[in-house]
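Hi,

Here is the structure I said I would pass on. Have a look at it, and then read my notes underneath.

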Amino acid sequence: MASLGDLVRAWHLGAQAVDRGDWARALHLFSGVPAPPARLCFNAGCVHLLAGDAEAALRAFDQAVTKDTCMAVGFFQRGVANFQLAR
């Protein structure tokens with residue numbers, strides 16, 4: 001399990017990559033965390049949507065809402081991904 005410092009560092013660097021529009025780098029950083037928490041899965045799903053990969057976004061949002069069943073925005077974004085996939 002990653003330390004809290006490693007987790008925050010990965011999230012921070014990933015958020016900076018998103019600000020630059022570097023989707024691949026952001027996804028690499030977000031997915032590099034072992035056993036990521038729900039919020040990190042959610043962030044990865046949002047980046048997948050921005051990159052145009054709704055199927056990968058749906059998988060990430062599924063992980064997020066499985067880990068945190070009260071994450072309403074995760075359920076909403078999962079619906080957005082399903083809509084983009086015409087489901």
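First, a term you will need throughout: a residue is called buried when its relative accessible area is under 20%, exposed when it is over 50%, and partly exposed in between, using a 1.4 Å probe and protein chains only. Keep in mind that this is a predicted model, where local features need pLDDT of at least 70 and side-chain atom pairs count only at pLDDT 80 or more, while totals for chains, interfaces and linings use all residues. Residues are numbered from 1 along each chain as its sequence is written, and side-chain values use heavy atoms, with hydrogens and water left out.

Let's begin with the aromatic rings. Rings of Phe, Tyr and Trp (its six-membered ring) pair if their centres lie within 6.5 Å; planes under 30 degrees apart are stacked, over 60 edge-to-face, and the rest tilted. How many aromatic pairs does a search of the whole structure find? It turns up 1. The pair is F42 with F61: the ring centres are 5.6 Å apart and the planes sit at 50°, so it counts as tilted. F42 belongs to helix α3 and F61 to helix α4, so the pair ties together parts that are 19 residues apart in sequence. (Helices here are DSSP runs of H or I with at least four residues, strands are runs of E with at least two, and both are numbered from the N terminus.) Both partners are buried: F42 has 16% relative accessibility, and F61 has 0%.

Next, helix α5, residues 72-84. What span should its 13 residues have at 1.5 Å a residue? The expected span is 1.5 Å times one less than the number of residues. That gives 18 Å, and the end C-alpha atoms are 19 Å apart, which agrees.

Which residues of α5 are buried? They are G74, Q77 and A81. These cover an arc of only 65° around the axis, which puts them on the same side of α5; the arc is that of the directions from the helix axis to the C-beta atoms. It helps to remember that an α-helix has 3.6 residues a turn, so residues three or four places apart point the same way. The face turned away from the buried side of α5 carries the exposed residues A72, F76 and F83.

What does the buried side pack against? The buried residues of α5 pack against α3 (38-51) and α4 (54-67). Q77 is a nice one to click on: this α5 residue counts as buried at 15% relative accessibility. Leaving out residues up to four places away in sequence, Q77 touches F42, C46, L49 and F61, where contact means heavy atoms within 4.5 Å. So you meet both rings of the tilted pair again here.

Two alanines are worth a look for their backbone. Most residues other than glycine have a negative phi. A35, however, has a positive phi of about 50°; A35 is in the loop between α2 (23-31) and α3 and is exposed at 61%. A86, in the segment after α5, has a positive phi near 60° and is exposed at 72%.

Finally, go to A10 in helix α1 (residues 4-20). A10 is buried at 13% relative accessibility. With the same sequence neighbours left out, A10 touches L29, F30 and V33. A10 and R20 are 10 residues apart in sequence and 15 Å apart in space, C-alpha to C-alpha.

Cheers
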